[in-house]
There are 2 protein chains.
Amino acid sequence: MLNFNFCAPTYFEFGKGTEAQAGPLVKRFGGTKILLHYGGGSVKKSGLLDTVVASLRESGLEFVELGGAVPNPVDSKVYEGIELCRKEAVDFVLAVGGGSAIDSAKAIAAGAVYDGDFWDFFQGKGVEKALPVGVILTIAAAGSEGSVNSVITKESTNEKRGCGGEVLRPVFAILNPALTQTLPPYQTAAGSTDIMVHVIERYFSNTKEVEITDRLCEAVLKTIITETPRVIENPDNYEARANIMWAGMVAHNNLCGVGREQDWVSHGMEHELSAFYGATHGAGLAVICPAWLKFVSRKNPGKVVQFAVRVWDCDMNFEHPELTAAEGIERFENFLRKIGMPSSIKEFGAKEEDIPKLARHIGSVSETEKNFGGYVKLDLGDVEAIYKLAY
Amino acid sequence: MLNFNFCAPTYFEFGKGTEAQAGPLVKRFGGTKILLHYGGGSVKKSGLLDTVVASLRESGLEFVELGGAVPNPVDSKVYEGIELCRKEAVDFVLAVGGGSAIDSAKAIAAGAVYDGDFWDFFQGKGVEKALPVGVILTIAAAGSEGSVNSVITKESTNEKRGCGGEVLRPVFAILNPALTQTLPPYQTAAGSTDIMVHVIERYFSNTKEVEITDRLCEAVLKTIITETPRVIENPDNYEARANIMWAGMVAHNNLCGVGREQDWVSHGMEHELSAFYGATHGAGLAVICPAWLKFVSRKNPGKVVQFAVRVWDCDMNFEHPELTAAEGIERFENFLRKIGMPSSIKEFGAKEEDIPKLARHIGSVSETEKNFGGYVKLDLGDVEAIYKLAY
């Protein structure tokens, strides 16, 4: 186990009816003038926004609204939010929605108190200061409600990039599983896939002797495997929704990732699919991650075998562990198909001749042309090979 | 799953050499005049106290020392600490040691800023204010480094009682697994048992549909089962020590217990053994917990069967699940014996005729004569029966 530090101070209010706590919680965490940031019309249609607005008013809080955060949130909306925060002297950003609204809110919160272009933070500059961010979550997926991360797409160049910093971790998050019951099955399944891959990117590590974090990773994965088919079959299953929602937070606040090297290749490769074809992030991961597993299991099978046995309950083949690994990957793929996820990048509109371009774009964006990946180091030829396996 | 809130903001510095961060961390969390509280001579002999003192001095911090925290820490030491804090205008309490030093430090921190008898907090009064507490941990066991709890024994009446409050959660904890390498096997094994039972008291719940917390509980238990025999065999095994130490924190910061009823019967019954016979807490639990499992498995077998299958890898006997439950308890007992834990309360000096007295004392202390336990409700006759099973 490697030395590490860990601090996850977000306050979680979890369960039925908790969105009515929005006002009191904003007040408790020092907000007086709020930017209320959300996505499309669903939070309006469902009445959630009305509940939140009523709660803010009851607590005597002023607020301005900014809707229109889109999936794979974009820099133009962030600039708009920053300007609004400055003009209205906002001191607290409240996101109502999923990972997109939250990530957009985090970028706005950092940019509003920065004397420069917020995009600097997405090009490696450390984030030292930000307005406090609160969250009312409407989909279990990104884990942004408990994480330090934000991912924004720069529209002019199609760059989807991340930044991280402790000041971006939400001060509070309201998680009501009932709010996720109206999600379409595709979004639900893509969310569960995202949760699984957040764990997988931490699980596949060359750091030895990390039994506790391995076991915690496996706990989250098994929960998602058990509970997701239940909500696909019955979207109103509150209990299964609740287990997925809490698992989604545990998957990404880094409890599962401390003390070990991590490997974020599947996310890196998926970001290209979102940027170029508008793929839903979790659906993109459902195609990339199994392809990546097939590729790395040839070069470094050890952890793939453990994944097969412990997560997918495969019988260990002691003579031919590579068959166990293959069986595990196959069960993962079957699971993804069962919950309605795609199995080829063709389904997003990708053409075979696009593959070199996708790989080159990763090389230029990540500036890691010759040093991509952790569990297995990849060059651009390897990245192309993985995209081909995903084709 | 029940509604819940969760917030665990402790900052953890984990790994080799981290005790040298004591000074900078105290400073970062606002301390200027420190009460340095520890137990016996081992932290002096090992040189740990010198390292901590040097770090405090380098950071320009003033401090006063209070040694002598004993296992099952006592009220007299707490009164002494409170007086010292007031006299010296202490604004930060730093505990160096295990659960005893930490629990004692927490009680001192609460009492020092309270205009009354600190024992009020251990009789049900809420703790609203306390000096900040920092921790340098020397044994993986109590989980007090990440928890809101403190347990103190009132010497005059032999009452061992707990109190809890968010302000008692340490602001930082330094966890260096190497510091635990000098522990005798018995203390190491008792620590691992304590960790397991912290999880078990949360695991055995009548709350349905708590897959994520069940799985997290099982992850911690399996880690302790795998790693403890390795450190009993080789006390210098840093990696196994590291896994146990982090598991000990996860076991008790309540991540494993949210959204579900909990059942703290084994702790309640063990406290009597510590109070009357001076039993090491974890060793007492090693006797009580399996006896309790035997008793409850007759009345409410469901979760015991799951415990047997998922934690102890028992084959499920679908025709006779009670045999599966029994097999799981037997494997637990064999494990405890293998790591050197006792199997009868006789080993602490208890006599059969003491049993009614122990049970009555629980009744009077807990004021729950007719309402003890959660997974299975117990009356005093049941408590006696469990002590008899443990005899």
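**Helix packing and local features in chains A and B**

In H9(B), the residues B:Val265, B:Ser266, B:His267, B:Met269, B:Glu270, B:His271, B:Leu273 and B:Ser274 are in contact with B:His281, B:Gly284, B:Leu285, B:Ile288, B:Cys289 and B:Trp292 of H10(B). Sorted by class, this contact comprises seven nonpolar, six polar and one charged residues. The structure is a predicted model. Helix H9 of chain B covers residues 265-277 and helix H10 of chain B covers residues 281-299; their axes lie 9 Å apart, and the packing angle is about 130°. Angles over 145 degrees would count as roughly antiparallel and 65 to 115 as roughly perpendicular; H9(B) and H10(B) are therefore oblique to each other. The two helices H9(B) and H10(B) cross in a right-handed sense.

A second helix pair in chain B is formed by H11 (residues 302-311) and H12 (residues 321-338), whose axes come within 8 Å and cross at roughly 60°. The relation of H11(B) to H12(B) is therefore also described as oblique, and the crossing is left-handed. On the side of H11(B), the contact is made by B:Val304, B:Val305, B:Phe307, B:Ala308 and B:Val309, and on the side of H12(B) by B:Pro321, B:Thr324, B:Ala325, B:Gly328, B:Ile329 and B:Phe332. Nine of the residues in the contact of H11(B) with H12(B) are nonpolar and two are polar, with no charged residues.

Helix packing also takes place between the chains. The axes of helix H7 of chain A (residues 211-233) and helix H8 of chain B (residues 238-250) come within 8 Å, with a crossing angle of roughly 45°. H7(A) is therefore oblique to H8(B). Chain A contributes A:Glu211, A:Ile212 and A:Leu216 from H7(A), which meet B:Asn243, B:Trp246, B:Ala247 and B:Val250 of H8(B). By class, the contact of H7(A) with H8(B) holds five nonpolar residues, one polar residue and one charged residue.

Helix H6 of chain B runs over residues 185-203. The distance from the first C-alpha of this 19-residue helix to its last is 27 Å, close to the 27 Å expected at 1.5 Å a residue. Of its 19 residues, 16 are buried, so H6(B) is largely enclosed by the rest of the structure. The loop between H6 and helix H7 (211-233) of chain B contains B:Glu209. Although B:Glu209 is not a glycine, its phi is positive, at about 60°. With a relative accessible area of 32%, B:Glu209 is partly exposed.

In chain A, helix H9 (residues 265-277) has 13 residues and spans 19 Å between its terminal C-alpha atoms, close to the 18 Å expected at 1.5 Å a residue. H9(A) is largely enclosed by the rest of the structure, because 10 of its 13 residues are buried. These buried residues are A:Val265, A:Ser266, A:His267, A:Met269, A:Glu270, A:His271, A:Glu272, A:Leu273, A:Ser274 and A:Ala275. One of the residues of helix H9 of chain A is A:Ser266, which counts as buried at 1% relative accessibility. Apart from its neighbours within four places in sequence, A:Ser266 is in contact with A:Val197, A:Glu201, A:Leu285, A:Ile288, A:Cys289 and A:Trp292. Just after H9(A), a positive phi of about 70° is adopted by A:Gly278.

Two further loop residues of chain A were examined. A:Ala112 lies in the loop between helix H5 (99-111) and strand S5 (133-137) of chain A. The relative accessible area of A:Ala112 is 14%, and the residue is buried. When residues up to four places away in sequence are not counted, A:Ala112 touches A:Ile82, A:Cys85, A:Arg86 and A:Leu131. The C-alpha atoms of A:Ala112 and A:Val90 are 8.8 Å apart in space, whereas the two residues are 22 residues apart in sequence. A:Asp313 is located in the loop between helix H11 (302-311) and helix H12 (321-338) of chain A. A:Asp313 is not a glycine, yet has a positive phi of about 55°.

Note on methods: Residues are numbered from 1 along each chain as its sequence is written. Chains are lettered from A and ligands numbered from 1 in the order in which they are written. This is a predicted model: local features need pLDDT of at least 70, side-chain atom pairs count only at pLDDT 80 or more; totals for chains, interfaces and linings use all residues. Side-chain values use heavy atoms; hydrogens and water are left out. Helices (H or I, at least four residues) and strands (E, at least two) are DSSP runs, numbered from the N terminus. The expected span of a helix is 1.5 Å times one less than its number of residues. Buried means under 20% relative accessible area, exposed over 50%, partly exposed in between (1.4 Å probe, protein chains only). Axes are lines fitted to C-alpha atoms, for helices over the stretch in contact, and angles run from 0 to 180 degrees between N-to-C directions. Angles under 35 degrees count as roughly parallel, over 145 as roughly antiparallel, 65 to 115 as roughly perpendicular and the rest as oblique. A crossing is left-handed if the near helix is turned anticlockwise from the far one by less than a right angle, and right-handed if clockwise. Contact means heavy atoms within 4.5 Å. Ala, Val, Leu, Ile, Met, Phe, Trp, Tyr, Cys and Pro count as nonpolar, Asp, Glu, Lys and Arg as charged, and the others, Gly among them, as polar.
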